[in-house]
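Me: I should like to examine the pockets and the surface of the protein shown here. Please guide me through them by question and answer.

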Amino acid sequence: MTQFDKALKRPVNLSLNSDLVRRAKDLTSNLSDTVESLLAEFVDAETTRRAETQRQIDALVEASNGFIARHGAFGDEFSTL
């Protein structure tokens with residue numbers, strides 16, 4: 001069960017390749033449930049990927065700020081400000 005299972009369902013319009021839809025209907029008895037399941041997997045995976053990317057960015061910024069705090073910035077010795 002995913003976080004999406006209890007949400008209300010509503011009709012939506014999608015533009016999909018008609019040959020692909022025909023082939024998919026031959027492979028599943030409920031195309032809507034199949035597409036919803038695949039979409040939920042995509043949303044979960046993409047959310048996880050983006051969160052990991054943000055964690056990596058945050059760690060890089062923290063490391064960079066720590067380096068600058070200890071050693072100063074690269075151009076500090078040349079700055080006239």
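The following exchange concerns a predicted model, with its pockets taken up before its surface.

Me: What is the volume of the largest pocket?

Reply: The residues closest to the centre of this pocket are Arg10, Val12, Ser32, Glu36 and Leu39, out of 17 that line the largest pocket. The space in the largest pocket comes to about 640 Å³.

Me: Which helix gives the largest share of the lining of the largest pocket?

Reply: By class, this lining has 13 nonpolar, one polar and three charged residues. Seven residues, the largest share, come from the helix spanning residues 31-71, namely helix H2.

Me: How many charged residues are in the lining of the second largest pocket?

Reply: The second largest pocket holds about 230 Å³ of space. Its lining includes Leu14, Leu16, Val35 and Thr34, and helices H1 (18-27) and H2 each supply at least two of the lining residues. The lining divides into nine nonpolar and two polar residues, and the number of charged residues is therefore stated by class as no charged.

Me: Which residues form the nonpolar patch on the surface?

Reply: Together, the patch residues have about 370 Å² of accessible area. The members of this nonpolar patch are Val12, Leu14, Leu16 and Val35.

Me: Is valine 35 buried, partly exposed or exposed?

Reply: Valine 35 has its place in helix H2. Buried requires under 20% relative accessible area and exposed requires over 50%. Because its relative accessibility is 35%, valine 35 counts as partly exposed.

Definitions and conventions:
Residues are numbered from 1 along each chain as its sequence is written. This is a predicted model: local features need pLDDT of at least 70, side-chain atom pairs count only at pLDDT 80 or more; totals for chains, interfaces and linings use all residues. Side-chain values use heavy atoms; hydrogens and water are left out. On a 1 Å grid over the protein atoms alone, a cavity is a set of points where a 1.4 Å probe fits but cannot get out, and a pocket is an open set with protein on both sides within 12 Å along at least five of seven lines; lining residues have an atom within 4 Å of a point. Grid points are joined across faces, edges and corners, and a volume is the space filled by probe spheres set on the points. Helices (H or I, at least four residues) and strands (E, at least two) are DSSP runs, numbered from the N terminus. Patches are made of residues with over 30% relative accessible area and no salt bridge: like charges are joined within 9 Å, nonpolar side chains (Val, Leu, Ile, Met, Phe, Trp, Tyr) within 5 Å. Accessible areas come from the Shrake-Rupley method with a 1.4 Å probe; for residues, only the protein chains shown count as cover. A salt bridge is a side-chain nitrogen of Lys or Arg within 4 Å of a carboxyl oxygen of Asp or Glu. Buried means under 20% relative accessible area, exposed over 50%, partly exposed in between (1.4 Å probe, protein chains only).
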